[in-house]
Amino acid sequence: MSLNEQVKNSLSKIKQVKGVENAVLTQRDGNPIQSAGVWLSKEEVFNLSSATSAIYNLGLHLHSTKLKYILIEGKSAKILLAPLKNSMDDPIDRIMIKQGIKNKNEEFFIAITTFPNVNLGGIFLQTRESLRDIKRSLVLSGESFKPPLRKYNNEQLSELLESFSVKEETKDNNYLKLNSFSFSNDTVQKLENILRKLSLNIIDLTRTSVTTSGGFIVASYSKGSDYSELEFERESAVTYSLFSTANRCAWLLKKMNINSILLECESYFQFISELGDGIFSLSVNKGKQKLGLLRLLLPRYLKLLKKVIENAKSLENPVKTFNLSQMIGELCLK
């Protein structure tokens, strides 16, 4: 049996789970390797792979090697992204390392689309088994597979850069907070009070934030976190980009807007939820509270946050808000 056939069989096992529409093995650069499922057109395979690749790379940027999977949920479908990662607990990984694969094998991931009411427990169990089978097939086949993004040594990199007009690298740590321009101090205080109350009901909460359109923090709260303010700002910007990209992906594939994203990592979860034209983000360590309980608890606080934001937009004078992009452009011209 060829390598492609072995991978196809493993993906077909996932496809057999009730509610699953498609399963695709994809490289990190968006190139589809193999798929199982029914497609409306050939382009749909590439649309899914390229769109989910952008989401997957943002997830890795946020959580690096700790990322286990990304679950995107909307009214008419769910999309699950699971990296083909290796761990030192699996004997097959020692073979991979001997073959020179030292990058945790994050260049491959599986994208699965399902109906909204699918049994996620069954998918997770089958996904883990199929990931193991695919990884074993790739390693034991003897075929070499390299990350799709070309690697350059220092000499090659210098030659490449010399062919471009490259400006000198500068370091500038100045940044602006959007809440200075869009919400009053009273509104920000109300939002932070809600986040603080939420932290009292979630024992393992580490940090949470409300981010407005564009990826700027409006309100935040952290508990026992060693994150600096600048790190918090950068994380929120990437998180907003991930949600925005996932929303475009969901519209491209299913003509739907997404409601939430769940990222599971080795020792914690990150919840991202739609909040008007912004997002709500919550990071929780794995501990005493169950995932199902958190899903029941969050809607109440999301409703409170939305109410405060809607009231602020209706009461605060819109003349006082600034066009941040225009303002920055004017500053650059000066």
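How many bridges join strand β6 to β7, and in which sense do the two run? Six bridges do the joining, and the strands run antiparallel, with β6 covering residues 205–212. Before going further, keep in mind that this is a predicted model. If you want a spot to look for that pairing, find T212, which stands opposite F216 in β7.

Let's zoom out to the rest of the fold. The chain has ten helices and ten strands. An open sheet of ten strands carries the order β2-β1-β5-β4-β3-β8-β9-β10-β6-β7, and the pairing is antiparallel. At the edges stand β2 and β7 (216–222); each has a single partner strand, so one side of each is left without a neighbour in the sheet. From one strand to the next, the twist averages 15°.

Two helices are worth following across this sheet. Helix α7 (residues 185–201) packs on the sheet and touches β6, β7 and β10 (278–285). Its direction makes about 35° with that of β7. Helix α8 (residues 229–254) also packs on the sheet. The strands that α8 touches are β1 (20–27), β3 (67–74), β4 (78–83), β6, β7, β8 (258–265), β9 (268–275) and β10. The direction of α8 makes about 125° with that of β8.

Stay with α8 for a moment and pick out K254, which lies in that helix. Is K254 buried, exposed or somewhere in between? With a relative accessible area of 28%, K254 is partly exposed, because that value falls between the 20% and 50% cut-offs. Leaving out residues up to four places away in sequence, K254 touches E21, S76 and A77. Another residue to check here is G74: it sits 180 residues from K254 along the chain, yet their C-alpha atoms are separated by 9.3 Å.

Now slide along the sheet to β5 (residues 108–114). This strand is mostly covered, with seven of its seven residues buried. You can see it on both faces: F108, I110, I112 and T114 are buried on one side, and F109, A111 and T113 on the other. What about its partners in the sheet? β1 and β5 pair in the antiparallel sense over seven bridges, and Q27 stands opposite F108 in β5. β4 and β5 pair antiparallel as well, over six bridges; there, K78 stands opposite T114 in β5.

One residue of β5, F109, brings us to the aromatic rings. The count of aromatic pairs comes to two. In one of them, Y56 and F109 have their ring centres 4.4 Å apart and their planes at 25°, so the pair is stacked. This pair links distant parts of the chain, as Y56 is in helix α2 (residues 42–63) and F109 is in strand β5, 53 residues apart. How covered are the two partners? Y56 has a relative accessible area of 1%, so Y56 is buried, and F109 counts as buried at 0% relative accessibility.

The other pair consists of F269 and F271. Their rings are 6.3 Å centre to centre with 40° between the planes, which makes the pair tilted. Both F269 and F271 are buried. F269 has a charged companion, too: the charged end of K286 sits over its ring, 5.2 Å from the centre. A similar arrangement turns up at R300, which lies over the face of Y301 at 5.3 Å from the ring centre.

To finish the walk, go to the edge of the sheet and look at S35, which lies in strand β2 (residues 32–37). Is S35 buried or exposed? Its relative accessible area is 14%, so S35 counts as buried, the cut-off being under 20%. Leaving aside neighbours within four places in sequence, S35 is in contact with K8, L11, A23 and V24.

A few totals put these details in context. Of the 334 residues of the chain, 45% count as buried. Among contacts in the chain with a separation of 6 or more, residues 24 or more positions apart account for 66%. The chain exposes about 18,800 Å², and carbon and sulfur atoms supply 52% of it.

Notes. Residues numbered from 1 in each chain as written. Predicted model: local features only at pLDDT ≥ 70, side-chain atom pairs only at ≥ 80, totals over all residues. Heavy atoms only, no water. Helix = DSSP H or I, 4+ residues; strand = E, 2+ residues; numbered from the N terminus. Buried < 20%, exposed > 50% of the residue type's maximum accessible area, 1.4 Å probe, protein only. Contact = heavy atoms within 4.5 Å. Pairing = 2+ DSSP bridges. Axes fitted to C-alpha atoms, helices over the stretch in contact; angles between N-to-C directions. Areas by Shrake-Rupley, 256 points an atom, 1.4 Å probe, with all protein chains shown as cover. Phe/Tyr/Trp six-rings, centres within 6.5 Å; stacked < 30°, edge-to-face > 60°. Lys NZ or Arg CZ within 6 Å of the ring centre and 35° of its normal.
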